[in-house]
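Biologist: I would like to take a close look at one part of this protein, and I would be grateful for a careful explanation that a first-year student can follow.

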Amino acid sequence: MQTRVRSVPHASTRQRWVATALLLGGSLALLSPQAHAQGADIFKDADLALGKQLIAEHKCVACHVSKVGGDGSAMYKPLGKINTAGLLRGMVEMCNTTMNLGMFPEDVSAVAAVLNRDHYKFK
């Protein structure tokens with residue numbers, strides 16, 4: 001018996017990125033209700049120097065530029081969806097997972113802490 005595989009239209013990288021972000025963002029909200037309530041105190045023990053190093057090492061800015069253009073800063077605060085420190089950390093984890101970066105949880109927190117310090121400024 002022959003199995004037929006249905007052809008699926010090829011999605012662009014940006015479309016896959018957005019779909020993944022939406023799915024993960026919704027999952028984060030369902031799996032971690034406290035993510036909405038978490039303040040920047042989740043970053044209190046984060047290693048900011050490590051976060052800065054990881055952002056450079058993984059070429060995060062170049063990836064953001066390739067996705068949104070300009071200097072890549074339009075990636076931050078997308079349509080108001082990232083409005084708590086917990087959701088910011090979740091989005092960094094999503095990048096870690098989808099880009100297969102292999103960062104440990106403390107690495108993800110370090111990167112998110114740098115983004116919070118430089119862009120989001122959650123208290």
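Biologist: For residues 4-9, how many contacts beyond four places in sequence does the model have? After that, please take me closely through helix α2, with its buried and its exposed residues.

Modeller: This is a predicted model, in which local features need pLDDT of at least 70 and side-chain atom pairs count only at pLDDT 80 or more, while totals for chains, interfaces and linings use all residues. Residues are numbered from 1 along each chain as its sequence is written, and side-chain values use heavy atoms, with hydrogens and water left out.

For residues 4-9 the model has zero contacts beyond four places in sequence, and pLDDT stays under 50 there; pLDDT is the predictor's confidence in each residue, from 0 to 100, and a contact means heavy atoms within 4.5 Å. Residues 25-35 also keep a pLDDT under 50, although the model has seven such contacts for them. Where pLDDT is low, the predicted coordinates should not be read in detail.

The mean pLDDT of the protein is 79, and 67% of its residues reach 70 or more. Confidence is lowest in helix α1 (residues 13-31), with a mean of 50, and highest in helix α2 (residues 48-57), with 98. The protein has five helices and zero strands, where helices (H or I, at least four residues) and strands (E, at least two) are DSSP runs numbered from the N terminus.

Now to α2 itself, beginning at its N-terminal end, which Asp47 caps with a side-chain oxygen that lies 3.2 Å from the backbone nitrogen of Ala49; a polar contact is a pair of N or O atoms within 3.5 Å, and within protein one must be able to donate a hydrogen and the other to accept it, while residues adjacent in sequence count only if both atoms are side-chain atoms. Along the helix, Gly51, Leu54 and Ile55 are buried. These residues cover an arc of only 100° around the axis, which puts them on the same side of α2; the arc is that of the directions from the helix axis to the C-beta atoms. On the other side of α2, Ala49, Lys52 and Ala56 are exposed. Here buried means under 20% relative accessible area, exposed over 50%, and partly exposed in between (1.4 Å probe, protein chains only). The cover over the buried residues of α2 includes α3 (60-68) and α5 (105-120). Just after the helix, Lys59 takes a positive phi of about 55°.

To place this helix in the whole, buried residues make up 33% of the 123 residues in the protein. Of the contacts with a separation of 6 or more, 71% are accounted for by residues 24 or more positions apart. Helix α5, which is part of the cover over α2, also holds Tyr120, whose pair with Tyr76 in the loop between α3 and α4 (85-98) ties together parts that are 44 residues apart in sequence. Tyr120 is buried, with a relative accessible area of 7%, and Tyr76 also counts as buried, at 14% relative accessibility.
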